[in-house]
Each structure stands twice: as C-alpha cells, then as structure tokens.
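Q: I'm new to reading protein structures, and I'd like a close look at just one small part. Could you pick a spot, go through it slowly, and then show me what surrounds it?

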Amino acid sequence: MSGRVAAAVAAGVAVLVALVLQTSVLPHLAWHGVAPDLVLVVVVAVALTRGAHTGTVVGFAAGVLVDLAPPADHVAGRWALALMLVGYVAGRVAEDRAARGTGVLGTLAVVAACSFLGSSVFALTGLLLGDAGTVDGIAGLLGVVATGVVLDVLVTPLVMPLVTRALERREPERLAVR
Amino acid sequence: MKGLTRRGSGLGIGTRRPWGTAPHEDRPGRPPGSLLLALVLACASLMVLDHGADGGPVDALRSGVGTVVGPAQSVTAAAVRPLVTLPDTVRDRRTLQAQLSALEEENASLREQVRTDPYDRERLARLEGLTTTARDLGQTLVPARVVGLGPAQSFSATVTIDAGSDAGVQPDQTVVDADGLVGRVLRTTATTATVLLVVDPDSTVGGRIAETMELGFLSGRGNLGGGARLDLELVDQRLVPDRGDTVLTWGSSGAGPYVAGVPVGAVTRVYESLRDGSKRVVVDPFVDFSELDVVGVVVPSGTRGDRGVVEADGSIR
C-alpha cells in the first residue's frame, strides 16, 4: 500500500513539474506558438506504466490542474475530459501491449495517437461549448494538432523514461498484468 | 457481492491474482464503469459551473491554483531567462555591439534588484510620452514581466505576468507596453495576473482613428506570431480610413477596462464587400505579441504595492 502512495506522489510531482515547465519554459521552444504538451506525455507515461485505472484518475487530476493554472482561460473541465480519455485509452493499450511485448516505436505511436486524441477532444469540446477561441477552421485546427503530435513525440524520449522509472521503482511487483 | 459473482463466472478461480485487484473489478488495472461515469460527470459539472458568468466557484479554484503555481512559474521563468537570451549574447559577442548589449543586460539586472530599473523606466517613460500626446491623460503604471504564455493548443491568447494584487493590480485594468496596447487583466492572484491579449478572439476594444477621430471596434484574429492582426469595424460604414492611419483606444477614463488614448496599431488594409456594403479594416498592432516581455499595468494614481510604481510624470515611487 505504501508503494501505491509513493507512486501516487511521484505521479503528482511529475504532473506538477510538467505543468510549470509547460507554461514557463516550453513557450521559448515553441514552433509557431505550438509547444510540446508535457502534461499529456506524463499522463500517457503513467497510464502505460500503471494501467487504465490509474491513467484515468491521474489524467483527470492533471487535466483539472491544466484547466485552472494560469494563464488558462478556457472553460474548466475541457482538458480534464481530454486527458482523462487519454489516460484511459493509453492504459487500455498498455493492457494489450503487456501481452505482446513492448517496443520504442509502439510507445511513440501511442503518444502520437493520444496527443491527437487529447488535442482533438479539447478542440471539439471548445466548439461544442462556444469557447473555441482562436480555432481557425478545420484546416488550421488540424495544423496545430498535427504540429502538437510531432512535438509531443519528440519530447517523449526525454520524459517517458524518467516517469516510467520513477513509478516502477516505487512498486516493482506491479508487473505481470497478464 | 454481485461483483464477486461476476468475476467468479467470467474468469474462473485459476486466473485470480491476489494483489492490486479491487473486489468489484472484473479485470485488473481497468477502471470500473462507475469511476469513469463519475469522472466524466465531474468534467461536465466543471464545464457547466465555469460556463456561466464570472465569479463562480471555479474562479475561486483558479485563484487558489494560481497562488500555488504562479510563484513556481515566476521562479522557473527567472531561472530560464538567462538561458533563453544566451544565443543572442554568444552570437553578438564578436562585434562591438555585443559588448554594448551585455553591459545593458548587466545594468538592467543590477538595477532591477533595487526596483528602480532605468531600463524599464526608459521604456515606460516612452510609453507615457505616447499616451499623453494622444490625450492629455497621465497614467500610473505597475511594471511587470511576462512569465507564462498559453500554448496555441488552448486556442486562446492569454499570458501570465508576475505582478498581482500585492502590487495593486486588479481585474479589468489596461496592460500596455512601450509600443502600445497589450490587453487587459482578466483575474489576479497575490503574485500573478492573467492578461487577455487584444489579439484574442474574445477581446473587443473600442478604437478611434487618430487622424479623423472616427470610432470603431477592434476585435482579435487569434494568431500570436508575426501574422497577428486586428479587425476594425467602424461605426460609420461609409468612411474609408487611409493606409497607415493610427488607431487608439477610446475607452472611458477611469471606468476601465481600457483607458483612453493608448496606441493600438496602424491600418494596413481595407476590404470592402460590394454585395452588402460592409467594410473590414485590418489593423497591424504596434506590439509584437510573440516577444512580449516588460509590460505595464495601468493602475489608479497613488496605488501602493510590493514594488516601484511609475507615476504619470515619470517619477518612480
């Protein structure tokens, strides 16, 4: 049980650090204003390591933080929904992968898919709520989402091993899901 | 009890794992439907709570999170700033200009420690000159730096600045920089404030063409980069502004959110629709929103805060 608590703390710290870096540091590395979504990558990493249950809960909590931390100004709950779905989907993928073995390319593909899913869900909820902001037609939206996918995949090799190691060290016996 | 029965019949005793599986789960690691439902409903409730007018419970949460995250952002931004400006310094070091900018940078950081930064003062005094020439109206400014930018994925143009209610900043105050209008304060925490930029599509500013005093409304087009543009809709649709005409704010004095006479941008193009006779005037903002750094928040004269305040006559208190 204490292993679980330690893992939860590790996940929380990872999300917080990612959030601060994302708003303060990554804008300097942004390409045409699109920055890598560190929080999303951390949620995917947690879900791949710990499964869909943890992934969903951590995704929701991280999303609420992103929704509320400055300078966010959109309707709260949009990133919460998007990152929760990302955590769930990545966790379910992890279950399948546990049976078939893992690979670097597979991980990158999961991150790309989840980045696309997360950004799309966020943009779509914006359109539904009339909170679309600067969405500039479907073409512009897809451009931003696609750029985000590429950047997220690029930062994955830097983020994923850190989070995975931090979580696995806390509770080694969590392996062998299947 | 029901869950136990289900698992027993579905998976069989042989596949049971003694750890990490709650009794109600039929597969390990997978969230139960009730949890998913609860979280989705929580998201929906957040959206509903936040979708209405300002001042709801979500705004209290926002301010709470901002109080915690804001200082972390300020510290990180301060730590990263030297690294970000490093490439420029290295590239210019070969020339004499490099020495000049290095000295300027050193100068600025040293003076900043005593909170009477002549670099800021010079830039803000320049701004004062602009605002007072537009209209004989002195403004008191709280200097601040941009410490956080929203990514383009969130499709809104907002930034965090490192001055909050402790420095006398309140919601709905005008934010300017040396070049002109930046935006307005949406909400504040003790040490930070969130600023809605004028290029955000949600932003509407009353504008006046300086040369002819014609009135209109400026709305943002969204993109932050080099292509940042504003649309100006004139009240009198028959008038055609000239290219290069300056657009100022015409806000009410004192009542906010935008103070009067702040330069916003210059007219670059006028599109006319022959079919319905409407006009779209494109305004190029003076402020470069991709490189925002030092900004000033217009506060009532006599405001006291945790930092120096630039008075209308250029003196620093």
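**A salt bridge in chain B**

A: Let's start with a pair of side chains: B:Asp172 and B:Arg184 form a salt bridge, with 3.3 Å from N to O. Keep in mind that this is a predicted model. The cut-off for a salt bridge is 4 Å between a side-chain nitrogen of Lys or Arg and a carboxyl oxygen of Asp or Glu, so a pair at 3.3 Å makes the list. Now find the two partners on the chain. B:Asp172 is in the loop between strand 2 and strand 3 of chain B, while B:Arg184 belongs to strand 4 (residues 180-188), and 12 residues separate them. The pair therefore links distant parts of the chain, as the rule used here has it.

Stay with B:Asp172 for a moment. The strands on either side of its loop are strand 2 (158-161) and strand 3 (174-177) of chain B. Its backbone deserves a glance too: phi is near 70°, a positive value in a residue other than glycine. Is B:Asp172 buried or exposed? Its relative accessible area is 40%. Buried would need a value under 20%, and exposed one over 50%, so B:Asp172 counts as partly exposed.

Another residue in chain B has a similar story to tell about its backbone. B:Met213 has a phi near 60°, again a positive value in a residue other than glycine. You'll find B:Met213 in the loop between strand 6 (204-209) and strand 7 (215-220) of chain B. At 49% relative accessibility, B:Met213 also counts as partly exposed.

Back to salt bridges. How many does a search of the whole structure find? It finds 7 over all chains. One of them joins B:Arg62 and B:Asp50, where the closest N and O atoms are 2.6 Å apart. This one runs between helices: B:Arg62 sits in helix 3 (residues 57-92) of chain B and B:Asp50 in helix 2 (residues 33-51), 12 residues apart. Both B:Arg62 and B:Asp50 are buried, whereas B:Asp172 is partly exposed.

Another salt bridge pairs B:Arg229 with B:Asp284, and there the closest N and O atoms are 3.3 Å apart. These partners are 55 residues apart: B:Arg229 lies in the loop between strand 7 and strand 8 (230-234) of chain B, and B:Asp284 in strand 11 (residues 279-285). B:Arg229 has 23% relative accessibility and counts as partly exposed. B:Asp284, at 29%, counts as partly exposed as well. Salt bridges can also share partners, and that is how B:Asp50, B:Asp59 and B:Arg62 are joined into one network.

Now zoom out to the chain that holds these pairs. Chain B has 5 helices and 12 strands, and 43% of its 317 residues count as buried. Its accessible surface comes to about 16200 Å², with 56% belonging to carbon and sulfur atoms. Take the contacts in chain B with a separation of 6 or more: residues 24 or more positions apart account for 55% of them.

Next, its partner. Chain A has 6 helices and 0 strands, and 56% of its 178 residues count as buried. It exposes about 7400 Å², with carbon and sulfur atoms supplying 70% of that. One detail to look for in chain A is the cis peptide bond joining A:Pro70 and A:Pro71, with omega at about 5°. A:Pro71 is in the loop between helix 3 and helix 4 of chain A.

Finally, where do the two chains meet? In this model, 55 residues of chain A are in contact with 50 residues of chain B. Together the chains bury about 4400 Å², and 68% of that is on carbon and sulfur atoms. After all those salt bridges, here's a contrast: the rule finds 0 of them across the interface of chain A and chain B. There are 9 residue pairs in polar contact between the chains, though, counting pairs with both residues at pLDDT 80 or more. On the chain A side, helices 1, 3, 4, 5 and 6 each supply at least two residues that touch chain B. Helix 3 gives the most, with 9 residues. Sort the residues on that side by type and you get 33 nonpolar, 13 polar and 9 charged.

Conventions:
Residues are numbered from 1 along each chain as its sequence is written. Chains are lettered from A and ligands numbered from 1 in the order in which they are written. Side-chain values use heavy atoms; hydrogens and water are left out. Contact means heavy atoms within 4.5 Å. Buried area is the accessible area (1.4 Å probe) that two parts lose on being put together, summed over both. A polar contact is a pair of N or O atoms within 3.5 Å; within protein, one must be able to donate a hydrogen and the other to accept it, and residues adjacent in sequence count only if both atoms are side-chain atoms. Helices (H or I, at least four residues) and strands (E, at least two) are DSSP runs, numbered from the N terminus. Ala, Val, Leu, Ile, Met, Phe, Trp, Tyr, Cys and Pro count as nonpolar, Asp, Glu, Lys and Arg as charged, and the others, Gly among them, as polar. Buried means under 20% relative accessible area, exposed over 50%, partly exposed in between (1.4 Å probe, protein chains only). Accessible areas come from the Shrake-Rupley method with a 1.4 Å probe; for residues, only the protein chains shown count as cover.
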